[in-house]
Each structure stands twice: as C-alpha cells, then as structure tokens.
Amino acid sequence: MVSRSAGVIVIGLGSFGSATAAELAGRGLDVVGLETFGPAHDQGSGHGGSRIIRQSYFEGADYVPLLRSAYAGWRRLEERTGAQLLTLCGGLYIGSETSPIFAGACAAAQRWELPHEVLDADGIRARFPVLAPADDAMAVWEENAGYLRPEAAIRAHLDLATERGAELHFGERVMDWRATHDGVEVITEQQNYAADRLVITAGAWAPVLLRDLGLPLIVQRQVMYWLQPEFTAASGYRDYTDWRLPVYIEESASRDHQIYGFPMIDGPDGGLKIGIHHGSIIRESTADDLDRTVSDAEIAAVTERAQQLLPAIGARPVRAKVCMYTMTPDEDFVVGRHPDHDRVIIACGFSGHGFKFVPVIGEVLADLVQHGATGHPVGMFDPCRMLSSSDRDRTGWPLQSR
Ligand SMILES: Cc1cc2nc3c(=O)[nH]c(=O)nc-3n(C[C@H](O)[C@H](O)[C@H](O)COP(=O)(O)OP(=O)(O)OC[C@H]3O[C@@H](n4cnc5c(N)ncnc54)[C@H](O)[C@@H]3O)c2cc1C
C-alpha cells in the first residue's frame, strides 16, 4: 500500500542526488529524497575531504562548457549557503610531451582559450621545488584549478533542499522500484511511495537499482592516502608552510596510471592526500562487498610511488580511507532518460571524475524531470550508447546533441 505520494522521488542523496533535490525543490516541485545512510556519509563516493576541480580538461575538451557552468554553480551555492566549498590553488597536469594528460590539457586549453602556461621539467621544479618530475616531463599549469570540499558541499545541498521544502529520509534504503501506467512506485525497507517522476542517483549502487538495464558499469575500490612529509633538517623543509603545492596529476611513464594529490589543506597534522587513478593496484568490487580495510602492502606501494614525485614524503601514512569509482567503458558519464521509462531519469557512471560537475548535473537532472530536455550539452552522456541492443527506443530522446 502506498503511504506517500510525491511529485518526484530522488533515490540516493549523495553527491548528485543532494544537488538534484535542492534544484528540484528550488523550482517548486514536491520532492522526496531517500538515502540508505546518513547525511554526507563516508560509505559511497563523495567523502575524503577534497576533490580536484579544473578546466583544461584532458579527458575531453567537450566537457569545458559544462565545467564553466559548474564553476558558476559552486559559487552560487557558496553565496546561498555561506559554506566555503571551492578553493583555487592552481593545478599542474604532468606527463611526457605526447602523453594524453599533457596533450589533452593543452588541446582543451587552446580550444576554449583558457588561461594556462606550459612548463618543462625545470619550470615545474622552479615553481614547486618539492616536486621531482622526470627530466622529459612537461606540464600544463592552470591557475583556475583547485579543490572542493565534498562533505560540506553535500551538506550544503541537503540543507538547501530542506529549506526549500524537500522531504529527505535518511536511513531508508530503497529495495526496488517500478514504472506504473502513470508514474513510478518505490519500495523501501520502511514503506511504499508513489511519484510522478523518479531520479536515480545511486552512485556505486546503480548496477543494483538499474540491473534490468544491464549497463556495463564496473565498481572500483579506490583508496585515498594521507601521507606525512618529513620536516627534518635533511629534508630541507622546516614545516608544512614550505610545502607549497597546487593540485596535481602526473601520468606514469608507462601510462597505466596517474598519481594525483592536493596541497596540505588540513594543517600540519592533516597530511598530504594522494590517490592513484587506474593501474594494477585498483581492484573491482561491488558496493555491498567492498573491502574497507587498507593493507600495509598497499600503503607501502603507494608511498613508494608518491616518493618518486615527492621525494621528501615520509614513510608513515597519517591515514587511509576506501572509496568507490563507478566506471563506464568510455569513462564518460551516464546522464539522461531511462531508455525504457520516460518518467525515470538516471545519472551514474561518473568514472572517478564527476564531483566537480555536481551543480550543473543537478540542473540537468532537474531540467529533464521538469521539461524532458536540457540546454546543457550532455548528449555525450546518453545512456543508450552503453546498450548493446540496437532495438532500444531512441526516438524522443530529449537531450540536445553536442
Ligand atoms: C577516491 C576518489 C577520488 C575522486 N576524486 C575526484 C576528483 O578529484 N574530482 C572529481 O571531480 N571527482 C572525483 N571523484 C569522483 C566523484 O567523487 C564521484 O564521481 C561522485 O562523488 C559520484 O557521486 P554519486 O552521487 O554518483 O555517488 P555518491 O556520492 O556515492 O551518492 C550515491 C548515494 O546513493 C545512495 N544510495 C545508493 N543506493 C541506494 C538505495 N538503494 N536506497 C537509498 N539510497 C541509496 C548512497 O548511499 C549514496 O549516498 C573521486 C572519487 C573517488 C572515490
């Protein structure tokens, strides 16, 4: 029996669901949000204290218009809520001259006339003496890059959603949903809901809630490490204020992984946050079977890798924490109408680079709920591109193509 009817239900109030609930409620819709865990929890993909934001997008120059909208969206959210979410500290994207990261960042910066500088290895060392890039390294330096505070951002969106009248339920896991002739039904551990429209922003649980669709999504276990620099006389550094660093991403010489990191944004005891994108250290998982313990062998391997770029990093990690990527085969996102159900909008598969886009994707999802179309250039995220069946109904696809 249905115990609550809503205009729109949002399943998953993490990074994208919190933004979508805030946007929909701001447009006057009757919104119910459902979330398994508590507000801004650490069990999904939106925790760990920081996320890189940047514009010279080596993953694809087509992302740049969305990034511009996302920057504006972050600043608007800061103004509306008073939260400090986006800090610009500059970004460095390092690789050999022909590497995808360097060549891709140059291409995006040139195509969209983004302010940037090209540095060689000596230029990198001169600007950031703590870094020891390979002699053939090249980098794009971008001043307009920095980091976001993910938990604070999710909280800000949740607060805004509530303030605007959304009804948010935490500790309420959705077990199933189905499309009906005039809407959707959603079944949680506690009760049944009906709604006119449904948005599914379930992160690493998308393969469970969208199992009928058979999207080729892979969940990856990702570890975030906080390592400690050595402030000894031998290291030449007195304290963490000497460790002036931007956000940075370096592609390995073998091109099988990237190492990325942040400045010391949490003070002298907070450590330097470092992560590895791709590579043999990464393991596949499912969201419910995730191994959340980090082994000494993993810490040793990452410390050794980090020391190649930052030789003065110590062997003692401050802490490590497990998170999840939800990968698509082409590493572009999945955002759009459910291919089989007009009233259901899905957003998942953010492939480890989605957070910076949260405000603009929140707008896109609200546009799709409200109007069935959006003016933002999201055609490249069409869910139908992931489906092998050629007989899927692609007519009426609401998104504008790029
Ligand atoms: C280690 C790491 C580093 C990253 N670095 C960057 C970066 O530097 N820059 C960047 O832009 N991006 C980065 N990302 C990617 C970015 O954080 C993710 O793309 C983004 O957080 C994904 O958001 P989401 O809303 O899909 O998932 P989540 O934020 O996990 O939200 C999904 C929510 O759905 C809820 N849920 C799931 N199933 C149900 C259910 N059945 N019922 C109710 N609720 C449910 C979950 O509990 C969760 O709260 C990184 C990701 C990781 C893991």
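# Ligand shell, strands and a few odd residues

User: Which elements each supply at least two residues of the shell around the ligand?

Analyst: In this predicted model, at least two shell residues come from each of α1 (15-26), β3 (51-53), β13 (218-229) and β18 (313-327). The ligand is surrounded by 37 residues, and the closest are Gly12, Gly14, Gly44, Gly203 and Gly354.

User: What makes a residue count as surrounding the ligand?

Analyst: Its C-beta atom, placed from the backbone, has to lie within 6 Å of the molecule. That cut-off is passed by 37 residues here.

User: How is that shell made up by class?

Analyst: There are 17 nonpolar, 16 polar and four charged residues in it. Glycine is put with the polar residues, so keep that in mind when you read the class split.

User: Which domains does the shell draw on?

Analyst: Domain 1 (2-47 + 151-216 + 330-386) and domain 2 (89-147 + 218-327) each give at least three residues to it. The chain is divided into those two domains, and their centres, taken over C-alpha atoms, are 31 Å apart. Their contact takes 14 residues from domain 1 and eight from domain 2. On the domain 1 side, that contact has six nonpolar, seven polar and one charged residues.

User: Back to β3. What makes β3 and β4 edge strands?

Analyst: They sit in an open sheet of three strands, with the order β3-β8-β4 and antiparallel pairing. β3 and β4 (86-88) each pair on one side only, which is what an edge strand does. From one strand to the next, the twist averages 30 degrees.

User: How do you know that β3 and β8 count as paired?

Analyst: Pairing needs at least two bridges found by DSSP. β3 and β8 (residues 146-148) have three, in the antiparallel sense, so by that rule they pair. As an example, isoleucine 53 has glycine 146 as its bridge partner in β8.

User: Why is β14 described as largely enclosed?

Analyst: Five of the five residues of β14 (residues 247-251) are buried, so the rest of the structure largely encloses this strand. Val247, Ile249 and Glu251 point one way, Tyr248 and Glu250 the other way, and all are buried.

User: What does β14 pair with, and in which sense?

Analyst: With β5 (residues 91-95) β14 pairs in the parallel sense over four bridges, and glycine 91 has valine 247 as its bridge partner. With β15 (residues 257-261) the pairing is antiparallel, also over four bridges. There, isoleucine 249 is matched with tyrosine 260. In both cases four bridges meet the minimum of two, so both count as pairs.

User: And what makes β16 mostly covered?

Analyst: Five of the seven residues of β16 (residues 272-278) are buried. β16 pairs antiparallel with β13 over four bridges, where tryptophan 226 faces lysine 273 as bridge partner. It also pairs antiparallel with β15 over five bridges, with glutamine 258 and histidine 277 as one of the partner sets.

User: Why is cysteine 89 called partly exposed?

Analyst: Its C-beta has 15 others within 10 Å. Buried starts at 20 and exposed ends at 12, so a count in between is partly exposed. Cysteine 89 is in the loop between β4 and β5, and leaving out residues up to four places away in sequence, it touches Gly146, Tyr147, Pro246, Val247 and Pro263.

User: Why is alanine 40 called buried?

Analyst: There are 21 other C-beta atoms within 10 Å of its own, and the bar is 20 or more, so buried it is. Alanine 40 is in the loop between β2 (31-34) and β3.

User: What makes the phi of alanine 40 worth a remark?

Analyst: Phi is near 50 degrees, a positive value in a residue other than glycine. Most residues other than glycine have a negative phi.

User: Which other residues have a positive phi?

Analyst: Among them is glutamate 331, at about 65 degrees although it is not a glycine. Glutamate 331 is in the loop between β18 and β19 (334-338). Arginine 255 also takes a positive phi, near 65 degrees, in the hairpin of β14 and β15, which has five residues between the strands.

User: How do you know that glutamate 331 is not simply exposed?

Analyst: It has 15 C-beta neighbours inside 10 Å. Exposed would need 12 or fewer, and buried 20 or more, so partly exposed is the right label.

Notes. Residues are numbered from 1 along each chain as its sequence is written. This is a predicted model: local features need pLDDT of at least 70, side-chain atom pairs count only at pLDDT 80 or more; totals for chains, interfaces and linings use all residues. Domain bounds come from an automatic or database domain assignment. Two residues are in contact if their C-beta atoms, placed from the backbone, lie within 7 Å. Axes are lines fitted to C-alpha atoms, for helices over the stretch in contact, and angles run from 0 to 180 degrees between N-to-C directions.
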